[in-house]
Structures are given as structure tokens and as C-alpha cells.
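Visitor: I'd love a close look at one single part here. Please start with that, then show me what's around the rest.

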Amino acid sequence: MSRAGRTALGAFGGALAAVLVLAAGAPGQTAAPDATQVQKLVTWDGNRTLPAHLIPLRDENDEPIIPTETDPLPYSARFTCGPCHDYTKIRDGWHFGAMTAVKSGRPGEPWLEVDPKTGTILPLSYRKWPGTFAPESVGLTAWDFTLLFGRNMPGGGPAEPSDEEVAAHPEARWSVSGKAEVNCLACHNRSGRQDQSEWAKQVLRENLRWAATSAAGVGEVGGMASRLKETWDIYDGPNLDDHEWAVVPSVKYRTVDFDSKHRYFFDLNYQPSSERCLACHSVSPKDAAMWSADADVHAAAGLKCTDCHRNDLGHAILRGYEGEAAETGNRTAESFTCRGCHLGENAAGEKSVMPGRLGAPYPKHTGIPLVHFKRLSCTVCHSGPKPQEGFTRVRTSRANRLGIYGVATWSTDTPAIIEPVYKKDEKHKISPQRLVWPAFWARRVGKEIVPLKPAEVEAAAGDLLKPEEHIAQVLIALSQVMAEDETPVLVSGGFVFAPNVDAGLDAVERTGAKRDAPAFWGIGKGTDILPLVPDFDPAAEDKDPAVETRFLEFLQALGTVLEKPGEPVIVVKKTAYRIVDGYLDIAEAPAELAGAAGPGWIIEGKFTPLATDFDVRTVTAKAGTEQTLTEEQVALVLGALGKTAAGGDPVYLSGGRLFQIDKAGNLAARKDKAAGPVTWPLAHDVRPAQQSLGWKGCTDCHSGGSDFFFTKLKGTGPLLTKSVAKRSAASFMGLGGIFQRIFGLSFIVRPALKVVLAICAFVAGALLLLAGLVALGRFAGFMEKR
Amino acid sequence: MLFTIVTILAVAGTFLGIALHRFWTTREEAKSTILYAEVFKKYLAWLALRTVQMSRKASPKAWWAYVKGLPLWREPVLERWLYIGLYGSFLYLAASGFFFGIFIPRGMFGYPLVGHVTAGGLFAVCLAIIVLFKGRDFITVPKPASLSLSLLDPRRMGITPARVKLWAFWLFVAAGFLLTLSALLPMLPLLRTAGQKFMFEFHRYSALLSVAAAMVFAGLELFEKDRPSGLR
């Protein structure tokens, strides 16, 4: 072969090989384009301004949104923000990646599943924090978790489950609701339109894929996915047969915020404003007035939450605790602890960190013994409310549903969270913590306590957990026939029970009423309460003719009670009033109704009061308290749970005690580790220096009766009982109470000790100096003779 | 860790020094050779022998008899209680301080700490009274010195056991003063964290100094008492 031929053959071979290699490496024609090939992720060029975010919206199918077209889909953060900001990286961040996080980090506030009816306060977390249960271990799927807590979630995580999770739980309605993607605007939206309440509303309506659009005010969302059939799909479009009830969610975009190229203007912050953080992270003392609340001293100095709690694109928010840098490998974290910023020290106390970031002052700590810095975290003296008798009860956004506004009252008093509980952590440092007592029904299998889902408990309990419901149903039914100024009530045990707008019962104490007086149904009229069934003689000729008309109305109203146990009847002095064939039947009470009086039900020919003794006794016992269960109810429900097929002994935990039925069949309470309180460190609000512990001296804490060491903590929970755990503040610190009392009392004589030491030092020092001078003088020959 | 090492070295060095002094001044074999290695070997052998002898003799009964035989009990009542206060508080302070300082990483805490503070107060008071009323007994009056190279000659410095004992007393007083000062100052609103840290270390090393001084003083005092009169 000629040289030219050899060259051509070689070139052809090389070209063929190159084609084959490229062909092997190239994606198939039908494959989706690799996201990394089309994405041009932004990197900071050093300019400290934020670019105007006038960008085209894209939906979850990565199609551009034309706001004026019919039935546009909600915008998708993944495809709208994703082209510039790596969505897959962001979704592993602290707020979204709990399900997949390898390290749990320092304990934080758990999610608290609260169900007043069953008396459940169950701490949950996908992170392995002490005292919390993994949602899946108590039967909660990502779907359940999202509906329970989505109101305070920024999308992503459980609200954006993997395809495997979706396939594993076909009963979940992800195909109807869509997934709630990471909601960038929940934090980064600078617009005042960002509405946490709207987000919560959309989550409860199961409008997950629409929630971000609606909450940010990008568009107005109507319809409820929760009312649609599980077979509905986003591609099915509107429900043409129903414009009233099962209305398909839809978006009406604010077209004024779009330009002619259908680009939407996002008013964004690079660093989220503190208000966005506080939407889900507010903590306030219960019953405190807003005007009296002081801001965190850092906020008062002009800092934002994100000035310290920073993150990179991975959104691994710095939490700011000592040891975080070692746990995460992120050395920057050392700069953003209290010690790092104010002292320039890392967790080991080495001066290896640049102090004074953002103008953090260097604390003098004059006269404070070193042991305080070794044994106490900075927050002990500087954060949270000051110690007081009985601690401070607070409410948090996530636990008590704060900051969600609407017609209904969303915020709740329960669960009861208290602070500051000074507790020794695993590093033997004491730090202030928040505390909640868990309460839940469970089965004990061996030594393990397995919580039960509230629905499971309700199913087994039947009517045992419904006394309020029963009475409320009767009162609501009667309210239909009341005059405008009348309210049907039940009077019992010194309390007046009236129905409220949430179909529950409100109990108001009746001044001057006897606690042991028999219960009766009445009509509240102003401050007066008249009996529902007046005392009259049905046989009298001069009786009020209006009475029978009123009785007819009552009986008709009672006939509408949802779960009525029988036919309504009113018995007055051996005369029974009933409705027969739609008319009021007045007849002598049959023998079965002998002894009966007042309104009631006829069940299998026998008279039963409108509310059973159990129902009245139960609601009366709980009236005026926060508790939602009585010991009698717990005993009965435990009995009912014991009859179900599931294995393990049923138990109930509340107030730091475990309750179970003993061998004698009585309710018995005992200590159990699982009933112990769940705590997590608090860091804010940081108080000004003058309000820190120790500012007024050692006796701020070290005295014979200081609240810091000796205030008592009683277990709280939904169960009305005296069997609750009792602990002193010192016990959480791992310190002996007696010793602290003795040590505290020693501070009475401390001033005298200081004076004595000063005199002794002066005497010894002066004589020492004198002796030295004498010796020196003699040595130098100044003093020849003594 | 550094403090532990320094403590071990200081205490061991002081003990061995006192023992060497006793060996040198009481044992004939110490003068039998001029070779340091030989002297050192004999010293070690003597030290081992004494250790064995003392351990054989030691028993609670023997210790009790020794304590009862101390001249302390023959002092007038005020002085007796003054010395009991000083010795007792110093022993507790040293024992608790060095035990927690060396063996407990957390440092002193709890009841031992309360006891330490209380004993510290007692020690300071006793020390001040002793210096005030007994210090004069420990004043040594050196002769006026002349400027010459002989000032640098150890053999001409006039270092005698009696003078070392006096210096040990004043060193003990000085250490006690520093201990009192370093306990008092952190209690006052004067020192910042760095000052507190310094005082903490200062307190520990002052305590070490006081222990070393006390060892020298006690060693020489007891040696004087036990020494055959012919060798004094």
C-alpha cells in the first residue's frame, strides 16, 4: 500500500474509532437531555447586588407558563428557579433533607403530633433525636406527615417524596395533590404578599402543587384537591360536572406582575428576612402581650437571622452550636457560635477563630469564675426567659400553630412547652432547653413502647372519647330552635357548657353555683339560665299553652342529632311528650319510663338521659382545665384496647408517668423512661447583658432558694390526674439539690470571707515585705544593728 | 498536663533532695568515696533500704504513736489550736487540690470544693496570725555583704540547714500570701476571663510552691529532731 493509502486508512480508522467512541458516549436520541448540559448554574461574580429576577415561569412539566391562557398550571420552583440554582443540591439542605440526612445534628424542636381527643402529644422527627419517634415507626407515611405538618414546612422533604415512596403508598393522594416542591419563596420572597396562612390553607386543601404559587401571591388559587376523587389527574382538567363542591384547583395569575414576554417579577432577598424565618420559628411566652415582647438583642442591633445562620447553595444552614463544625466538617461554623463570634474561640476554647464578625462585642465577664465557662453554655446566662418559679410556658409556631390567621382560631395552648430547663448535655455542658412532656397511647412489647396512631385508639375507644361530642351535638341540635338571644346549655358541677363555632363545648364557671348540684339542661338568656323543661303540671288546666309548642320544637330538634341513640322524649311528672307521625304525642308515661324526668331518649323502650352520666361526669371533671382525658376514660380505653387483637399491653403515657391496668383491674401509674420529657436546646431570644444571669451578682443563681436551681417542674399532659412526675431544676443539671442549697447558703458568708481573706493577705503580705526589706537592708549594710 | 508533670517533678525532686541531705549528713558511706557514681549508687541503696524499713514499721498504730509524740500537743492551748488549724487546713487543701488537679479532669467540684474554700479561709487566718506572732522567730539576720566573687561561691554563702529551714518558712509564707491573693482576686469583680485564667494557674503553682516549702521545712525540722545529737 502506498504511503498516501496508509495515511488515508489510518485517518479513516481513527475517524471510525472516534465516531464509535462518541456514539457510545452520546445519549440516545430518545433520552431526555442531561440537565447538567443545559443548565448554566450561576456563580457569584463578586458583585454585592442581587440581580432583578424577571424570569419566565415554568410549570412542573418544564413548560413555559402563559398567565393569560386557560387553566394554567402553577409554577414549579424546580423548573423556574432550577435553571440557575441547582435544585437537586438545594433539596438536600437542612430544611428539606431530614429524611435522607446522614447526621442528625444537635437536637432541635421535634414535630409534635397533637390530638386533643385522644390525648396525644407525640414527638416526631426524621432525625434521630432523643425522645422522638421516626414517623414511619408510628405508621405515618410521607403523605400523613405532610398533611399534619405541611403548614410549617417549606416544601421538599416529605412533601416531595421519591417515586418509590409514592408507589409504596398508593392510598396517598399524591397524584391528585401533586408534590410540594421546595418552596424557594417561603424564605426568599421579599414581597409582603408572602402569606404563611395561605400556604397552610392550601396544604390542608391538599393543593400541594399549587401552594407555593398561592402563598407567594403569584396567583390566586381556587378549588380543593381534597374533594376530588383519587382517580383525578392534573391532565384531567376542570371538573365540568361540579362547580360548587369538588372544584378542581386552578390558578389565576396576577398578570400585572408579568411583562409582555410573560416574565414574572420576583421581589427576592438573597438573605431571607427574619420575618420569613419567624413565620415558623417564633417562640413567645403564653399569654404575653405583643407590645411587651422584646426582640432578640441581635435583632435589636439590626442583625437578621441569616446573618449568623448562613448557608451556601447546599442550604445546610449553620445552626450555630458548638461542635457543629466538627460534626459537619464545615469550619466556617466555628465563626458563628457565640464563642466564635464574641470570643474568637472554637469549641475547644482555642483562639483560632476570627472574632468580632458583624461588630460582635468582646464580653468582659469581669469577676465570673472560669468554671462557668467550662460547665455552662453561653445561652445559660444570656438566652431565653430568666428563671422563674414554675418556669415560663411558651408557645412555638410549629407546635402551637402560631402565625396562621383566618376566620378560625388556629393557635392552640397545647402542647405545653416550658423553658428554660437547664440541662446537662452529652458533652457535660449545661444549656437552657425547651421541654415538652409526651403523651400518647402505646403498646408495650417487651421493653419497647410502640405508639399507637390516634385513629387506632379512637376506633377501639368507640364512644369513650366522645363525651364532649355527644353533649355538643345535643346542644347544637337544640340551638336550631332557640330564639336569637337564647343559647342551649348544660349546667353541671358549677359550670355552664355551651356549644362553640367549632362544634365543641365551651365551659364557663357559674359564679355561686354549687359543685354538687345535679346537672340540668337549660336555656341561657343573658345572665339567666332557665331550665329547658320547666316545672309545671301537665294535667293542670291553667298551664302555659306555649309549653307544648316549645316541647315539639325541642323534640324535632333532637331528632336531628347526628348519632342519636334513640327517639327523643320529654317526661314531665309521668307525662311523656314524643313525636309520633310528625305530631306531638302527649301520653301517660309507660311503666318503663317510671321515675324518668326531663329530656331524654327512648332506647328499646327504656328512658335514657340526653347525655349519659359518664358523659356529664367526664366533661364536668375536665371543665376549666386544659386536660382532655379523665382517669376513668383512660382506664376504659385501656380496657377496650386490651380487647383488640393486636399484641402487647396497652399503656398510656402522660405527665411523665406510664398508666396501665394492673392485675386488680385498676388504673396504675408508674415511672417509665418513655414517659420522660423531651427537650431541645434553645438559643434565642438572647437578652441584653444587663438582663443576663449574674449581672446582679452570684446570688442570681447561687442562693438558698434560687429559681435557677430549685424551681419545681410538674409533669403536664392531657390526662387529669395527680399522678405526675415532679422534678427540680437542679435534677436536670445532674446536680444534687441539697448540695446546691448548702452552696447557695454559703454565699451569705462570702462577703465576710472576702474581707477576712483581704485582711489576711494584707497582714501576711505586709510582714513578708517588711521581713524582706529588713533582710535586704541588712545584706546591703544599711542596717548594721537590729 | 503540664501542671501534673511539673508537680511530679517538683515533689519528687524536693523529696529526693531532702533524702540526699539526710544521707549525706548521717551516713558514713557517703563520705567513703569521692566518685559521684559510687555515692549515687550508695544513696539509692540507702533510699531503698529506708523505704523497706519504714514500710515495715508503718502501721496505723505506729502513725498514731508518731502523731501523739509530736511537740504540737505540748504547746499552750492557743498555739496548739493555731497549729492544728494551720496544719489541718493545709493538709486538706493540698490533698484535695492536688488530687482534683491531677486526677480529675473536671477539676474540683461539689462538697470537696466547699471544703476547700472553707479550709482556705482557715489557712489564711492561721497563717496571718503565725506570721504576725511567730514570724520574728524565723527572722535571719545576714551579715552585711561585701562585693566580691566569693558571693558566688556556694560554700561561702552560708547555706546551712537552719537557714534553709528559715528560708523555707518565709517561702511558705510567701506562697500562702500568693495563694490567698489568687483566691481572693477572682472573687472580686476585677478580673476578666484572661485574668481569671491567669489567677487559676497562679493559684495552682503557688500551691505547689507552698507544698515544696512545707516539705523542706518539715523534712529539716523532723530530721533535726531525729538526728543523733553528735551529728547536729
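Visitor: Which residues are buried in helix 9 of chain A?

Guide: Sure, but first: this is a predicted model, where local features need pLDDT of at least 70 and side-chain atom pairs 80 or more, while totals for chains, interfaces and linings use all residues. Residues are numbered from 1 along each chain as its sequence is written, and chains are lettered from A and ligands numbered from 1 in the order written.

Now, helix 9 of chain A: the buried ones are Gln196(A), Glu198(A), Trp199(A), Ala200(A), Lys201(A), Gln202(A) and Val203(A). Buried means 20 or more other C-beta atoms, placed from the backbone, within 10 Å of a residue's own. Helices are DSSP runs of H or I with at least four residues, strands runs of E with at least two, numbered from the N terminus. Because 7 of the 9 residues in helix 9 of chain A (196-204) are buried, this helix is largely enclosed by the rest of the structure. What's covering those buried residues? Helix 10 (208-215), strand 4 (219-222) and helix 11 (274-281) of chain A are among the covering elements. After helix 9 of chain A comes Glu206(A), with a positive phi near 65°.

Elsewhere in chain A, Val634(A), Val637(A) and Leu653(A) touch the most other members of the largest nonpolar core, which has 58 residues. Such a core is a set of buried Ala, Val, Leu, Ile, Met, Phe, Trp, Tyr and Cys joined through C-beta atoms within 7 Å. Leaving out residues up to four places away in sequence, Val637(A) touches Val457(A), Ala461(A), Leu464(A) and Leu465(A). A separate core of 41 residues includes Phe123(B), Val131(B), Ala174(B) and Leu208(B).

So much for the insides; now for where the chains meet. The contact takes 31 residues from chain A and 36 residues from chain B, contact meaning C-beta atoms, placed from the backbone, within 7 Å. Helix 26 of chain A supplies the largest share of chain A's side, 21 residues. Among the residues that helix 26 of chain A brings to helix 5 of chain B are Phe739(A), Leu753(A) and Leu767(A), and helix 5 of chain B brings residues including Tyr111(B), Val125(B) and Leu132(B).

As for chain B itself, there are 7 helices and 0 strands. The C-alpha trace of chain B spans about 60 × 55 × 45 Å along its principal axes, and 22% of its 232 residues count as buried.

Conventions. Buried ≥ 20, exposed ≤ 12 C-beta atoms within 10 Å, placed from the backbone. Contact = placed C-beta atoms within 7 Å.
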